[in-house]
Structures are given as C-alpha cells and as structure tokens.
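Here are my notes after going through the model, in the order I'd look at things on screen. I start with the empty space and then turn to backbone, rings and overall layout.

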Amino acid sequence: MHPTRTGSRLIRAVAALAAVLILGSSLASCAPEEQAKPERPTAIVASVEADTQPTVEVAPLDAPSRQGITDLGAITGFVAGTPMSVELAGEIPNTGVTLTRTYATPLPEAAAATFAFWNAEVESWQAVPSTLSDDRRTLTAVVHHLSWWNDFIAGGKEVIDEIVEGAKNAGQAVGEWVNDSATDFAEGLRWGVGNIFSTRVELPECDFPTPNWVQEISVRTDVDDPVRFCVGYDKAQPQLLVVNARSNRGYGFPVELAVKPTWQYNSSSENTLGADIEMLGHIDEVVGKAMGQLLNNGRFVAAGQEISYGIPASAMKGYDAEYLIELPAPTGAQFVVSTISQLVLAWGVDNVSGMLGASIAVASCWSDFASSDNASKVAISVLKCLSGADTEIAQMYATMLLKHGLAEKAAAAQAAKFVARFSLVLAFMPAIVSSFDYAAEVNFPRNVRALTISLNKNAFESKPISPEAVANYLIPAGACPQWEGSKPIQLKNGQGENFDADERGTGIVETKFIGKADLNGDGSEDAVLAIDCTGTPVAHCCAGRASVLTTIVALDVSSGDPTLIGQPLDGEELDSSEGEVSAYISLREDEMPWLDGTNILVYEGPIYDLKNVDEMKRISGWFRYSLEDGMWVRSAV
C-alpha cells in the first residue's frame, strides 16, 4: 500500500483559495480514548469499533520517507518506531481508527511523543494530536485516514539515552537510525543523533560614544545573558542615541521601548513584521488582530536576531520610566512561535518565512489557548487546532507568500509542507520547553533584559530662537534632501558644510530665519528656517540653476541639538501640459515663506522654464503645509 495523497489535496486546496484570497476557518480536534495496555512493548496496533479490523504491516519506505526521518535530527534527538502501513477493508467508522504503541519502560518526563503519517505529496512526516498514558508507557491517537504511520519520541541526549537503555534492558531490538536502516522488525526502535539547540550570540556592534545628552547607560556583558545590548551614536545623525538589543536564546522576545524613536530596524523580518500584521488584518481581521498581539505589533525580536533604535534627545522630554528598553520574557505563545521559526531554519525555511508561517498558524488558533501561558499546553492546543484546520491555515500562509512575491504554485507547495513540518515541532514542543528551561527564563530578574539611562540635564536646555542664534545651529542630517548623504552641518554665521574626502555630502550657503511657533504641540516654540543647500563644497560652488536649492526646515530646539519636525520642504511636483515638473521654493522679497499660525506658506514655481511662459506663471503660486501625523501635507492656497 502506498501512503494516501492527503498532501496533494491540501496543495490543490491551498493554491485554489490563495489565488482568490478566500480563506476559511473551521477548527476541530479529537479526544483520543485510553486503550488497554499490553504487558510488553508492541509495534503500532490499529483498531476500530467494528467487526473487521485494520491490517498493520511494515511499510515499504521509499527514499523521501526515510530522509524525512533523518531530517528530524536537524531539530532534535529522536527515537522512531518502525513505520507501519495501516489498511482497512471498507469505510473508516465515524469514530476513527485508534492507533496505540506501548513502550518497554515509561518515557522520561522531558520526552515528547507523537504519531505521524507520511504525507507523500509534501514529502514530510506530519504529526497528529496524540496522548501519552498516565504511566507514560502507551501512546494513543484517533485518526481518520490510513497511510504509513509511525511514532516518534523527541528529547535531548540524556532523554534519548535513557529510552534506548530501557528498551535494550527489556530485550527490545534497538539500533541507530540511518537512511538505509532496515525496518523489518515491527516492534523495534531506532534512535537518531540530534540536537535541540539554543542560540548564543556575540555582542551587537555600536559606534561609540553616546551623544552628549546621555550621562550614563549601564550595559551588561555576560555571555549568558538572555539579551545582549550595545549603545552608541548614529554616524548619519550624531545627535541620536543608538540602542541595539540582540536575543541570546533559541527563542525571541517582545520589545518595550519607553520613548518614540526616530528610526528602528528589526533583522528578524527585515522590518516587515508591522506591514505583514496589517496585511493579514485585511485578509482576516480576527487572525490579524491575534497576530498583532502575538508579535507585540511588530516589536518582537527573533532568536539570535537584533532590533535597533535611533532615539533623539527630544524623545526624552519628561522621561521617567524605569527602563529605557526592556525585553520581557516571552509568553508561552511567543515562545512557541519564535522557537519554531528558529528550528525550521535547519529545514531550509528562511527566517522571515518561518516567522510568518508560525505566527499565522498560532494566531489562527488563538481562541484555543488564549487563557493559557504554558508553552507546552499552547503547542498541544495549536496542534489539535491544526489537525482540523490545516487547509485553511496553509491557504492563509500561501496568500501571504503570494503577497511577498512567490509564484502561486511555489507559495502553495511551501505553505503545505510548512504546515506538515510545523505539526512535528508542535508535537515535540514539551521536550523543547524542557531543554530550553523556559520556566527559569521567565523567572530571570528584569534588569538582565533591560537598560536604564541617566540624562545630562545641561544638554537639555532649549536653544534660543532668533535670527542671530539660528545662524549658528547644528542643522540635523537629512535637512538637504535634494542630495544623497545629507549629513549634520554646523552653521557659522549661516553657512557650513559636511563633505567627506570624496566630496560626498552637503553644504549650506545661506540661512534665513522665517519665524517661530509651537508646531508640534509640546508647549515649546520651534524654529522655522530657510536654508540654501548645495551638493558641492563652497570652494567649487556654484554653477547652474539647480546647484543651489532652498529647503524649509522646522526644528525642535527644546531639548539639546535641533531635530527635524516632519520632513524638509524642498518644493513638490507641479502639474503642467508637459507633465509633472520639479518645483523650487522662492525667497524673493514678495514671495518669502512665512508662518500662518502653525502652518508654513511657501511660494513654489518650476525649476526650469516651460515652453509656455504663461503656463509657468499659472502653475506657480502659494502653497500651505500643515503638520499631520508628523508629516507636512501640502495644499493649494
């Protein structure tokens, strides 16, 4: 008998539904019944509530199914029974087929056991919900299709050694698993060398020193700390404090930052986690919301990965938090997701896809375990949910892979195979939890996963705002967006430049004070300047109409060095009969920018002449910029 084509049906269903983005959610589970325990170890026994009983014979494994067993060693040590082909003449009763396997000695508490079938289409063993008896000798599962079935036990080296030794002492046939192992002794066991692994990382790298507004940040350097930190400054924006946090475990951590950063980067997902959560919410609002809770709305760092923030001095105004940044112990569900996304790397699944697939599967089953924070119980609940909703979950995952750019057939195949392998890791989770000592992690003191900061109060004095004062400001990086590599520029009498040895950078040839107002609503006045930017050092400047261009910048000067409020304004596109044309900001006496309350009014015109002179005059004019959600929004006056 050959294994059933369950995987084929799954892939076809996934591809069809992913293509049209129609997703289902029927979640079901089975409650296996306890079976009578034979007095000695047995091979797999199959029974039904009917007169005609299933036949059970040693399965004629092929190369892929053998490799599937070998691949388990990439994530865990294991003991495998002998795969059996289970057949039944006639229909399977509604009560299903009960599979049992009795072991020679009780399995250790740190071991996890499961039945799994060979899913030939996706070429993976796929676990099903299974129950170990109270005396930990008999494994049971109720299944509703027939195939090649086997039992697997997972655990660390000491656990596997104990199981193997117990079986040998009971006179059971035991051998090491290799791809060409004989599988003709039905009651025998095979053990595989494997590794439930953790992760240890080097300290992240930062550029020193920290900005002058930081008085002290104490950073631990213990190699076994669950999170490793570094602090420094941003070379592109030296006034920013940079904080890097790297997970030093085989699982991830949620991240809590007490202030609003200027930028952030998460190597776990190439900064796509937040976008993926939002995208999933458009597909399934309930699952999207659950995924947001699961992944801390995108602020979650995976095993061995790091998250980085650039923090401005202005964000520290009124700061009174206990910790600047803290990575709390993960919840049970977060432990499951991040551990699985790490383990499946050994099976060739990339970090981003692994995190996405694991998150979708766990979020899809959120209601099944929401009240539990026990990682093992979460995994068992998700496995039961997965057994009844594997198609729907794979469809949702495939849909997201399509949106990540995979072709339809590739997305469907990857999703179906991932669901099968995901089930195995879920079934092994109790052993993984024991190996990682997750309980001890939860009880670590908070300070080993957090940073405190003390501030240099003198650096937080607000800058004076006047025509004379602004002419000597430190203009932040990015203030001259017309040229790449815009760096911080220290003004002296309204001029300054910052170029490297290859003359990459920007300069400011003139500065004009426009006015002051509380633009961001923080209770302090902000400065608005017009700066004439150039991409050429003053010694070589300037030739051509576009060699010097005006930019309007709004600056928060309430806490230390000035920081940008919104984006610099350098003139947006203008519509013309010749298409969209670039605009410049005029500084003519009758066209000078000015403040209207908290709005900035500027006069813009095309940089280059149009063929129709009258049209140039018609499309030129005054525009109003209003600050909305931290960005300046343009409208015609």
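1. **The largest pocket.** Bear in mind that this is a predicted model. Its largest pocket has a volume of about 710 Å³. The lining comes to 25 residues, and Lys-260, Thr-262, Ser-314, Leu-564 and Ile-565 are the ones that lie nearest the centre. Sorted by class, that lining has 11 nonpolar, nine polar and five charged residues.

2. **The largest cavity.** How many cavities of 30 Å³ or more are there? The count is two. About 40 Å³ of space lies in the largest cavity. Its walls are made by Gly-68, Asp-71, Leu-72, Ser-124, Trp-125, Trp-347, Arg-421 and Leu-424. Both β7 (124–128) and α10 supply at least two residues each to this lining. The class split here is four nonpolar, two polar and two charged residues.

3. **The second largest cavity.** This one has a volume of about 30 Å³. Gly-357, Ala-361, Leu-386, Ile-393, Tyr-397, Phe-418, Val-419 and Phe-422 line it. Three elements give two or more residues to that lining: α7 (351–364), α9 (375–403) and α10. Seven of the lining residues are nonpolar, one is polar and none is charged. So α10 turns up in the lining of the largest cavity and again in that of the second largest cavity.

4. **A ring pair in α10.** The structure holds 10 aromatic pairs. In one of them, Phe-418 with Phe-422, the ring centres are 5.6 Å apart and the planes meet at 25 degrees; the cut-off for stacking is under 30 degrees, so this pair counts as stacked. The two residues are four apart in helix α10 (residues 408–436), which means about one helical turn separates them. Phe-418 is buried, at 6% relative accessibility, and Phe-422 is buried too, at 1%. You'll recognise both from the lining of the second largest cavity.

5. **Other ring business.** Trp-118, Trp-125 and Phe-152 form one aromatic cluster. Trp-125 also belongs to the lining of the largest cavity. Elsewhere, Arg-634 has its charged end over the ring of Phe-623, at 3.9 Å from the ring centre.

6. **A cis peptide bond.** Most residues other than glycine have a negative phi, and most peptide bonds are trans. Which bond is cis here? The one from Phe-208 to Pro-209, where omega is near 0 degrees. Pro-209 sits in the loop between β12 (189–192) and β13 (214–217).

7. **Two asparagines with positive phi.** Asn-296 has a phi near 55 degrees, and phi of Asn-493 is near 55 degrees as well. Asn-296 is placed in the loop between α5 (285–294) and β19 (300–301), while Asn-493 lies in the loop between β25 (489–490) and β26 (496–499). Are they buried or exposed? Asn-296 has 19% relative accessibility, and the limit for buried is under 20%, so this residue counts as buried. Asn-493, with 64%, counts as exposed, because that is over 50%.

8. **Glu-615.** This residue is found in helix α13 (residues 613–619). Is Glu-615 buried or exposed? Its relative accessible area is 5%, so Glu-615 is buried. Setting aside neighbours within four places in sequence, its contacts are Ser-576, Ser-577 and Leu-610. For a sense of span, the C-alpha atoms of Glu-615 and Ser-130 are separated by 77 Å, with the two positions 485 residues apart along the chain counted as their distance apart.

9. **The whole chain.** Stepping back, the protein has 13 helices and 37 strands. Its C-alpha atoms fill a box of roughly 100 × 55 × 45 Å along the principal axes. Of the 637 residues, 54% are buried. Among contacts with a separation of 6 or more, 72% are between residues 24 or more positions apart.

Technical notes
Residues are numbered from 1 along each chain as its sequence is written. This is a predicted model: local features need pLDDT of at least 70, side-chain atom pairs count only at pLDDT 80 or more; totals for chains, interfaces and linings use all residues. Side-chain values use heavy atoms; hydrogens and water are left out. On a 1 Å grid over the protein atoms alone, a cavity is a set of points where a 1.4 Å probe fits but cannot get out, and a pocket is an open set with protein on both sides within 12 Å along at least five of seven lines; lining residues have an atom within 4 Å of a point. Grid points are joined across faces, edges and corners, and a volume is the space filled by probe spheres set on the points. Ala, Val, Leu, Ile, Met, Phe, Trp, Tyr, Cys and Pro count as nonpolar, Asp, Glu, Lys and Arg as charged, and the others, Gly among them, as polar. Buried means under 20% relative accessible area, exposed over 50%, partly exposed in between (1.4 Å probe, protein chains only). Rings of Phe, Tyr and Trp (its six-membered ring) pair if their centres lie within 6.5 Å; planes under 30 degrees apart count as stacked, over 60 as edge-to-face and the rest as tilted. A charge sits over a ring if NZ of Lys or CZ of Arg is within 6 Å of the ring centre and within 35 degrees of the ring normal. Contact means heavy atoms within 4.5 Å.
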